[in-house]
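Trainee: Before we accept any label on this model, I would like to go through the reasoning behind each one.
Mentor: Then let us take them in turn.

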Amino acid sequence: MFCCLRTCLNGNVHKPSVSVSRVKEPEIHLDASHMGADVILLSNYLRITGTGGALATAPLVQSKSYFEAKIQQRGNWSIGLATRRADLSRKQGGTDRESWCLCSDNLTRHDNEECDPVRKQPVPPNSTLFNESTAPGLIGIEDLNEDLLLTTGSLEALDNNLTNGLCHDSSNIADEGDVIGVAFDHIELNFYLNGNNLEVPFRNIKASTLFPVIYVGNGAIIDIILDNFLYPIPAGFERIMLEQSLL
């Protein structure tokens with residue numbers, strides 16, 4: 001009888017279940033199976049540091065795709081698109097035929113060729129920069145950094161360079177906290193800085209399957225942003241979608 005009772009009780013006693021709280025992994029993120037050996041992925045595979053590059057887990061299959069990358073810490077970085085044949089062991093993108101990138105040294109690169117440099121916006125000829133400034137806070141030509149004048153050779157050369165938008169320093173195009181936007185429509189690849197088009201497009205990219213890619217080096221830390229964007233998406237573009245989502 002006691003054996004029967006023990007058996008019945010054992011069969012009806014349930015151990016309390018322990019619920020484990022786990023953060024849901026995003027649908028699309030940086031791909032640990034397609035990254036350089038010295039790359040480190042953090043924050044649910046949305047943050048990259050170390051040395052080398054990493055692709056995203058989903059290709060750009062829709063007609064118009066957009067994503068962003070936020071610079072959390074300075075260093076060398078390259079942001080753009082690549083195929084799975086790209087060399088992800090390098091700390092700079094665009095050094096082979098399989099990647100197209102905007103780089104932190106203000107240049108776009110592909111196939112180890114330096115393409116369009118990123119320039120500052122032209123300064124209008126009637127800007128206060130060219131006129132005497134008597135009001136507080138306005139900058140006159142006499143207030144310009146002496147080193148800038150030395151690099152141009154003369155005030156006249158400086159005036160011409162400023163008018164044509166050719167004066168830009170050698171520092172990184174983007175600083176900590178800035179956001180690089182990437183828009184691709186299978187015709188052009190465009191880059192944005194804090195919502196403004198940098199006007200340095202790649203055109204007629206010949207590759208069947210392209211993925212977002214980020215390269216880092218020299219201490220750079222970059223976050224990839226695949227939804228909840230920090231700046232308005234260019235008209236007609238959407239966040240990257242998984243292929244089955246398009247059906």
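Trainee: Among contacts in the chain between residues at least 6 apart in sequence, what percentage joins residues at least 24 apart?
Mentor: Bearing in mind that this is a predicted model, the share of such contacts that join residues at least 24 apart is 62%. The chain in which they occur has 3 helices and 15 strands.

Trainee: How do you know that Cys 101 is in no disulfide with its closest cysteine?
Mentor: The closest cysteine sulfur, in Cys 103, is 5.8 Å from that of Cys 101, whereas a disulfide requires the two sulfur atoms to be within 2.5 Å, so the pair is too far apart for a bond. Cys 115 is in no disulfide either, with the sulfur of Cys 103, the nearest, 9.2 Å away, and a search of the whole structure finds 0 disulfides.

Trainee: Why is Cys 101 called buried, and what is Cys 115 called?
Mentor: Buried means under 20% relative accessible area, and Cys 101, at 0%, is therefore buried. Cys 115 has 30%, which lies between the cut-offs of 20% and 50%, so it is called partly exposed.

Trainee: What makes Asn 112 exposed, and where is it found?
Mentor: Its relative accessibility is 55%, and because exposed means over 50%, Asn 112 counts as exposed. Asn 112 lies in the loop between β7 (107–110) and β8 (113–117), and its phi is near 65°, a positive value in a residue other than glycine. Most residues other than glycine have a negative phi.

Key: Residues are numbered from 1 along each chain as its sequence is written. This is a predicted model: local features need pLDDT of at least 70, side-chain atom pairs count only at pLDDT 80 or more; totals for chains, interfaces and linings use all residues. Side-chain values use heavy atoms; hydrogens and water are left out. Helices (H or I, at least four residues) and strands (E, at least two) are DSSP runs, numbered from the N terminus. Contact means heavy atoms within 4.5 Å. Buried means under 20% relative accessible area, exposed over 50%, partly exposed in between (1.4 Å probe, protein chains only).
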